[in-house]
Amino acid sequence: MSQDWGYNDENGPSTWASKYPLAAGSRQSPVNIDRKFVTSDTSLSANGLSWKYGDNNAYRIVNTGYGWRVDTNAQGTELKGGPLAAVYKLEQFHCHWGSSNDHGSEHTVDGKCYAAELHLVHWNSDKYRSFNEAACQPDGLAVLGIFLEVGDTDEDEDGLKRIASLIPEIEHKGQSADIKFTLNINKLLPSNLHYWTYLGSLTTPPCNESVTWIIFKQTIKISENLLNAFRKMKTVEEDRKELVKSEECCLTKNYRPPLPLGNRILRECGSI
């Protein structure tokens, strides 16, 4: 069951830099958001953050072997303002989680972990012709990060419930399924627009240092049943499932721990 990289002891985050030199860079993500060292920046409010997503942008969900990823057609999508000097289009979104509800988020706040973290990945369509081109540039990507925590849920997880309903169709690595229902991506985002922002990287290899991170302060509540559905995903292809014990195949955690902020500036917009 050898993979080039993963999240277990043999090929986990502590080993990535040996295969992917960028993973040892000075602009790596995630980080711990230490609120004692956050700089309030009124220019972020003045240059208001905004986004636009349609009901039919999500078209496919994939088991990458490292989690689920929803691919979008990017048509009509738009993220701009705040710390961004260009318009960015939505490429995909995915989630990171842990084996229990007290850990799983990649970013932390004053050392606190959340059960999971949702990432909406965008690329700079003003300057670059494609996601792949943008991913190699320092201003190429922008990622919205949303903390997910287990709690009482109302209308909260409507979009995530729909995604979880497709997990049985993508149980094994490499499997994918078309999304035939309407998925309103706007419902994945919190209502409060206050956030932290800093310059960082992708949190999976090759860990390109090309991301402007925007981490929302308000969390989204989800149910434990929903997280358990994610944890049942497999890290191996269907034809290899008999070669490995079932518990070894389950994708119970897929997060990279925080890395040093170094001399980077962590800014905030608003407070809650």
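Start with the largest pocket: in this predicted model, its volume comes to about 570 Å³. To find the middle of it, select Arg69, Gln92, His94, Phe131 and Thr204, which are the closest to the pocket's centre out of 29 lining residues.

Next, color the strands around it. Pick strand 5 (68-72), strand 7 (88-97) and strand 9 (116-124); each of them puts at least two residues into the lining of the largest pocket. Which strand gives the most to that lining? Go to strand 7, which contributes 5 residues.

While you have the lining on screen, try coloring by residue type. You'll get 14 nonpolar residues, 12 polar ones and 3 charged ones around the largest pocket.

Now for the cysteines. How many disulfides does a search of the whole structure find? The count is 0. Select Cys95 and Cys113 to see one example: the sulfur of Cys113 is the closest cysteine sulfur to that of Cys95, but it sits 14 Å away, so the two are too far apart for a bond. Then jump to Cys136, also in no disulfide, where the nearest cysteine sulfur belongs to Cys207 and is 13 Å away.

Last stop: turn on the surface and look at two of these cysteines again. Buried or exposed, how does Cys95 count? Cys95 has 1% relative accessibility, so it counts as buried, the cut-off being under 20%. Cys136 has 56% relative accessibility and therefore counts as exposed, where the cut-off is over 50%.

Terms used: Residues numbered from 1 in each chain as written. Predicted model: local features only at pLDDT ≥ 70, side-chain atom pairs only at ≥ 80, totals over all residues. Heavy atoms only, no water. 1 Å grid on protein atoms, 1.4 Å probe; cavity = no way out; pocket = protein on both sides within 12 Å on 5 of 7 lines; lining within 4 Å. Points joined across faces, edges and corners; volume = space filled by probe spheres on them. Helix = DSSP H or I, 4+ residues; strand = E, 2+ residues; numbered from the N terminus. Nonpolar A, V, L, I, M, F, W, Y, C, P; charged D, E, K, R; others polar. Disulfide = S-S within 2.5 Å. Buried < 20%, exposed > 50% of the residue type's maximum accessible area, 1.4 Å probe, protein only.
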